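User: Could you take a close look at the empty spaces in this protein for me? I would like to know what lines them, and what else you notice along the way.

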Amino acid sequence: MKIASWNVNSLNVRLPHLEQWLADFAPDVVGIQETKLEDHKFPDTRLLELGYRNVFAGQKTYNGVALLSRHPIEDVQIGIPGFEDEQKRVIAGTVNGVRIINLYVVNGQDVGTDKYEYKLRWLAAVHDWIADELHKHPQLVVLGDFNIAPDERDVPDPMVWNENHILTSTAERAGLRKILELGLHDGFRLHNDEGGIFSWWDYRAAGFRRNLGLRIDLTLVSDALKPRAQASGIDREPRTWDRPSDHAPAWVQLAQG
DNA sequence: ATGGTAGTCTCACTA
């Protein structure tokens, strides 16, 4: 089962790319972030025509998440239970017995801002919820745009992307580490050791051409699923297309359970 | 330290 995460940065603009990529890559499940679409504008019938069941939680202009699947999606959850949040950043469902949590983690703007404080509170809340989910569903994948680069291999220059910088700060990485310590593994790092493999490149300053990016889109697999994780990677191809998203899809493949 | 680009019921905000 191929499971992927892709921040499309407006599904309205990127639907042709998504359609092309679904045809090329044939994922079983995709977690989408930054749809930027209200629910009544979500292209649900078009995606069904392409063979993808879908569930979604959106809003105007910002945020918005969805799950697409070739197989039935059960027990759908929108948002973090008990955490009041107007921003649509979380959707979860169960596919073929695997619980899949799709996250659009808060960006945080800059260290020390209100948005940064919101990011840290949000990470603490999602941590506590994932702990509960892991007890109910040992076979768990947590994927999404984490807006955190796990370590120095995941940035072009650790002197710039340091412990005081947004997306790499000590508190953000500690928040991610606490989530991993619940019993999750960075799927990409199960099969790839090298640095300089990124999933996001800033539109500005020719980031993609110069490979000045970050690896912030992650697919985490639980202890119970780790033996089934047989391959993983980042598909740079859609980032080369005309008018691309600034993110590329990150994926992990599970052997039949 | 700044600025660069892209998306959105924009002339500002988020990323």
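Analyst: Happy to help; here is a walk through the pockets, then the cavity, then two packing details. Please keep in mind that this is a predicted model.

Let's begin with the open spaces. The largest pocket has a volume of about 720 Å³. Its lining is made up of 27 residues, and those nearest the pocket's centre are Glu34, Tyr104, Asn107, Gln109 and Asn147. Sorted by class, the lining of this pocket has ten nonpolar, nine polar and eight charged residues.

The second largest pocket comes in at about 160 Å³. Here 13 residues form the lining, with Pro156, Trp161, Asp202, Leu212 and Gly213 nearest the centre. Seven of the lining residues of this second pocket are nonpolar, two are polar and four are charged.

Now for the enclosed space. Just one cavity of 30 Å³ or more is present in the structure, and the largest cavity holds about 30 Å³ of space. Around the largest cavity you will find Asp186, Phe188, Arg215, Asp217, Leu218, Thr219, Gly233, Ile234, Ala250 and Trp251. Which strands supply at least two residues each of that lining? They are S12 (217-222), S13 (229-234) and S14 (250-254). S12 gives the most, with three residues. The cavity lining counts five nonpolar, two polar and three charged residues.

Next, a pair of helices worth finding on your screen. Two packed helices are described by the angle between their axes and the distance between the axes. For helix H3 (residues 114-136) and helix H4 (residues 170-180), the axes come within 9 Å and cross at roughly 5°. Angles under 35 degrees count as roughly parallel, so H3 is roughly parallel to H4. On the H3 side, the residues that meet H4 are Tyr116, Lys119, Leu120, Leu123, Val126, His127 and Ile130. Their partners in H4 are Ala171, Glu172, Lys178 and Ile179. By class, this contact has seven nonpolar, one polar and three charged residues.

Finally, the aromatic rings. The structure holds five aromatic pairs. One of them joins Phe42 and Phe56: the ring centres are 4.1 Å apart and the planes lie at 15°, so this pair is stacked. The two residues are 14 apart along the chain, and the pair links distant parts of it. Phe42 sits in the loop between strand S2 (29-33) and helix H2 (44-49), while Phe56 belongs to strand S3 (residues 53-57).

Key. Residues are numbered from 1 along each chain as its sequence is written. Chains are lettered from A and ligands numbered from 1 in the order in which they are written. This is a predicted model: local features need pLDDT of at least 70, side-chain atom pairs count only at pLDDT 80 or more; totals for chains, interfaces and linings use all residues. Side-chain values use heavy atoms; hydrogens and water are left out. On a 1 Å grid over the protein atoms alone, a cavity is a set of points where a 1.4 Å probe fits but cannot get out, and a pocket is an open set with protein on both sides within 12 Å along at least five of seven lines; lining residues have an atom within 4 Å of a point. Grid points are joined across faces, edges and corners, and a volume is the space filled by probe spheres set on the points. Helices (H or I, at least four residues) and strands (E, at least two) are DSSP runs, numbered from the N terminus. Ala, Val, Leu, Ile, Met, Phe, Trp, Tyr, Cys and Pro count as nonpolar, Asp, Glu, Lys and Arg as charged, and the others, Gly among them, as polar. Axes are lines fitted to C-alpha atoms, for helices over the stretch in contact, and angles run from 0 to 180 degrees between N-to-C directions. Angles under 35 degrees count as roughly parallel, over 145 as roughly antiparallel, 65 to 115 as roughly perpendicular and the rest as oblique. Contact means heavy atoms within 4.5 Å. Rings of Phe, Tyr and Trp (its six-membered ring) pair if their centres lie within 6.5 Å; planes under 30 degrees apart count as stacked, over 60 as edge-to-face and the rest as tilted.
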